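Good morning, everyone. I should like to walk you through one protein model today, beginning with its overall form and ending with two individual residues.

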Amino acid sequence: MHSRGWRNHSSVTEFILLGFSRNPRTNWILFFLFLVLYLFTVLGNGLIVTLIRIDARLHTPMYFFLSVLSLLDLSYATTTVPQMLAILVSKNKTISYTGCVIQMYIFLTLGITETWIFAAMAYDRYVAICYPLHYGVKMSQTLCIMLVASSALCGLICALVYTVFAMNLPYCGPNEINHFFCEIPAVLKLACADTSLNDQVDFILGFILLLIPLSLILASYIRIFIAILKIRSTQGRMKAFSTCASHITVVTMFCIPCMIMYMRPGSEASPEDDKKLALFYNVISAFLNPIIYSLRNKDVKRAFLKLIGRGEDTQ
């Protein structure tokens, strides 16, 4: 069925996002908490992109992928958090049918792209540690751009499949989504039809889009750890491991909750658990990523000190 048929099968013209609580006081507390998290997310990820852009020493494949990751996190959070903040304090908690479809598609596109960027980052670390003398040749600018472009293309196409399968179902009421944004598992619960096919599609796509990148990441790190164990000096071993520890932490925080959310049958999902999971990979992960990468990274710290005028002479 074509996408123009979506509205013909649906009597719902808008959805109501229930958010977290019906208690106004609780909602105001959550509003200020998430506002602070969002502002720091924008500041942290924006700062990393800026530092990598202006500091010539950060013009390497590793930092190129990190800047792409920061842009994705920034966009990812912006797709959902402003809407979430609005429904927390506003009496109008509605989102149009079209707005819901657009939010769902953009969110999925960015999320799927991010999983493949994680795989590209793992491959970059694998080449850097296992083939240091050939790093500049193997990780060429052309290859880096191709890896990012193919990740984005996969995101655009697979998100379209997810969205078409979800919105081709009839939605005839009720129209209350027990979530803080239009995420597929929450929206599917409102469908006036059997969603078992959607569960199968979600599982297959989840396998392709989560388990395959994770397998590539795991394979890269097995090779990396074998190479690290062969390094004779303890200092060299620790330096090599520290460059990978940040990436492993970030991948775990993002991918594990996504797997739980998208690869289980909809009947097993609890709305409250789903909200917590979505908060983790949507808000918390995007907030923590700049902290995790910058705290463990001397190059980023040096670039920041240089930016604020305190590190001109730092070697």
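**Surface, fold and two buried residues**

The protein exposes about 15,800 Å², and carbon and sulfur atoms supply 67% of that area. Please keep in mind that this is a predicted model.

Let me continue with the overall dimensions. Along the principal axes, the C-alpha atoms of the protein fill a box of roughly 65 × 40 × 30 Å. For 315 residues, a compact globule would have a radius of gyration near 20 Å, and the protein, with 21 Å, agrees with this. Of these 315 residues, buried ones make up 48%. Contacts tell us about the fold as well: among those with a separation of 6 or more, 79% are between residues 24 or more positions apart. As for charge, the protein has 25 positive and 17 negative charges, and the mean positions of the two groups are 10 Å apart.

I turn now to secondary structure. How many helices and strands does the protein have? There are ten helices and three strands. Along the sequence they follow the pattern β-α-α-β-α-α-α-β-α-α-α-α-α.

The three strands form an open sheet in the order β2-β1-β3, with mixed pairing. Strands β2 and β3 are the edge strands, since each pairs on one side only. In general, strands of a sheet pair through backbone hydrogen bonds, either parallel or antiparallel.

Both kinds of pairing appear here, and we may take them in turn. Strand β1, residues 14–17, pairs with strand β2, residues 94–96, in the antiparallel sense over three bridges. Within this pair, Glu14 stands opposite Ser96 of β2. With strand β3, residues 176–177, β1 runs parallel, and two bridges join them. Here Ile16 stands opposite Glu176, and Leu17 has Ile177 as its bridge partner.

Which side chains of β1 are buried, and which are not? The side chains alternate along the strand. Phe15 and Leu17 point to one face and are buried, whereas Glu14 and Ile16 point to the other face and are not buried.

Finally, I should like to consider two residues located in helices. The first topic is Ser67, which lies in helix α2, residues 61–89. Is Ser67 buried or exposed? Its relative accessibility is 12%, and the cut-off for a buried residue is under 20%, so Ser67 counts as buried. Leaving aside residues up to four places away in sequence, Ser67 touches Val49 and Ile52.

The next topic is Met261, found in helix α8, residues 234–262. Met261 has a relative accessible area of 3% and is therefore buried. Which residues does Met261 touch, not counting those up to four places away in sequence? They are Glu183, Pro185, Asp274, Leu277, Ala278 and Tyr281. Met261 and Ala122, for their part, are 139 residues apart in sequence, and their C-alpha atoms are 24 Å apart in space.

To close, I would ask you to return to the sheet and find β1 between its two partners, in the order β2-β1-β3. Thank you for your attention.

Conventions: Residues are numbered from 1 along each chain as its sequence is written. This is a predicted model: local features need pLDDT of at least 70, side-chain atom pairs count only at pLDDT 80 or more; totals for chains, interfaces and linings use all residues. Side-chain values use heavy atoms; hydrogens and water are left out. Helices (H or I, at least four residues) and strands (E, at least two) are DSSP runs, numbered from the N terminus. The radius of gyration is taken over C-alpha atoms; the globule rule is 2.2 Å times the number of residues to the power 0.38. Buried means under 20% relative accessible area, exposed over 50%, partly exposed in between (1.4 Å probe, protein chains only). Contact means heavy atoms within 4.5 Å. Accessible areas come from the Shrake-Rupley method with a 1.4 Å probe; for residues, only the protein chains shown count as cover. Lys and Arg count as positive and Asp and Glu as negative; His and the chain ends are not counted. The place of a charge is taken as NZ of Lys, CZ of Arg, CG of Asp or CD of Glu. Two strands pair if DSSP finds at least two bridges between them.
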